[in-house]
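Let's take a walk through this model, helix by helix. Have the sequence and the 3D view open side by side as you read.

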Amino acid sequence: MTVLDAFDLTGKTAVITGGNTGLGEAFAKALVEAGAGVALAARTRERSEAVAEEIVASGGNAIAVDLDVTDPAQVDGMLEGVTERLGPVDILVNNAGLCYHGPAAEVPLEEWHDVFDVNVHGLWHCAQAVGRRMIQNGGGTIINIGSISAMIVNRPQWQPAYNASKAAVHQLTKSLAAEWAPHNVRVNALAPGYVKTAMSPVDEPQFRRHWIEDAPMQRYSTPEELGPSIVYLASDASSFMTGSILVVDGGYTLF
Ligand code: NDP
């Protein structure tokens, strides 16, 4: 066995919430390249199916599953469907997320609730349903997508609900990790810096100074650049790691 064998995910089944675009799509493709079969679980079926078809066309194993993470009944249905079609879930990537920009004094109540419904409550529904099953099955790995926004306050845009929601994700990660370690379920978080996706319009000039020029590496990441980090957290390569927050941010949180 070589060190690279520890990253092998052959025969594993992974669910990626929000796996149909941006970071989730890149995570799904990375897990497939490491050998896993993946379920892309999101609301926009056409996008999920298009990504699944692309993966299958390149020789991987992927299915599209309808899921709104805010609905616990849909989460249960997703778990049953994936288990039936791909086998028991070994890896859960809680990636679905939502962010609004706006000053705190003007945040509409429904935006506050939307952000917490997806980023915290949705993540909780998925972690609890899949975690329960992992405990019954003897183990698994859960990766929650947190953010540098749990650790710093982003500029120049204000996003109070998002920042608070990601801090909750980091602490929930530690809480579940402590409780489920005896059950062989590892729970870690990945905290990315700025990554070019629909959520982070990194090329817009008004963001350049604070998002790019202020960062030690003075650049943003592509979603694909974070793929290896997910494979690390999902696989035996990180077998002694639980309750950790893996910060991958080009040094952004150093200043
Ligand atoms: P995108 O906006 O590009 O993608 C968001 C994804 O979440 C989509 O696949 C969307 O699919 C899915 N989603 C949203 N709401 C729901 C829901 N209710 N149920 C199921 N799926 C949902 O975002 P990113 O790829 O940029 O972000 C992915 C994760 O990474 C998020 O958690 C984000 O907070 C985090 N992150 C991103 C950073 C960045 O710079 N981009 C930096 C740090 C963290 P659909 O609409 O079809 O449901």
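**Helices that cross, and the loops around them**

The helices α3 and α4 cross in a right-handed way, where right-handed means that the near helix is turned clockwise from the far one by less than a right angle (anticlockwise would be left-handed). Before going on, a word on ground rules: this is a predicted model, local features need pLDDT of at least 70, side-chain atom pairs count only at pLDDT 80 or more, and totals for chains, interfaces and linings use all residues. Residues are numbered from 1 along each chain as its sequence is written, and side-chain values use heavy atoms, with hydrogens and water left out.

Helices here are DSSP runs of H or I with at least four residues, strands are runs of E with at least two, and both are numbered from the N terminus. Two packed helices are described by the angle between their axes and the distance between the axes. The axes are lines fitted to C-alpha atoms, for helices over the stretch in contact, and the angles run from 0 to 180 degrees between N-to-C directions.

Back to our pair. The axes of α3 (residues 72-86) and α4 come within 9 Å and cross at roughly 40°. That makes α3 oblique to α4; angles under 35 degrees count as roughly parallel, over 145 as roughly antiparallel, 65 to 115 as roughly perpendicular, and the rest as oblique. Which residues of α3 and α4 meet? On the α3 side, look for Pro72, Val75, Asp76, Met78, Leu79, Glu80 and Thr83, and on the α4 side for His125, Cys126, Ala129, Val130 and Arg133; contact means heavy atoms within 4.5 Å. These residues divide into 7 nonpolar, 2 polar and 3 charged. For that split, Ala, Val, Leu, Ile, Met, Phe, Trp, Tyr, Cys and Pro count as nonpolar, Asp, Glu, Lys and Arg as charged, and the others, Gly among them, as polar.

Now stay with α4, which covers residues 109-137. Its 29 residues should span 42 Å at 1.5 Å a residue, and the end C-alpha atoms are 40 Å apart, which agrees; the expected span is 1.5 Å times one less than the number of residues. There is still a bend of about 40° at Asp117, taken as the angle between axes fitted to the seven residues ending there and the seven starting there. Right after α4 comes Gly138, with a positive phi near 100°.

Next, find α1 (residues 22-33), whose axis comes within 8 Å of that of α7 (residues 227-234), crossing at roughly 60°. α1 and α7 are therefore oblique to each other, and the crossing is right-handed. Phe27, Ala30 and Leu31 of α1 meet Gly227, Ile230, Val231 and Ala234 of α7. The tally for this contact is 6 nonpolar, 1 polar and no charged.

α1 also packs with α2 (residues 45-57), at an angle of about 25° and with the axes 11 Å apart. That makes α1 roughly parallel to α2. Here Glu25, Lys29 and Val32 of α1 meet Val51, Glu54 and Ile55 of α2, giving 3 nonpolar, no polar and 3 charged.

Finally, the loops. Arg155 and Pro156 are joined by a cis peptide bond, with omega about -5°, and Pro156 sits in the loop between β5 (140-145) and α5 (160-180). Asn184, in the loop between α5 and β6 (185-192), has a positive phi near 70° without being a glycine.
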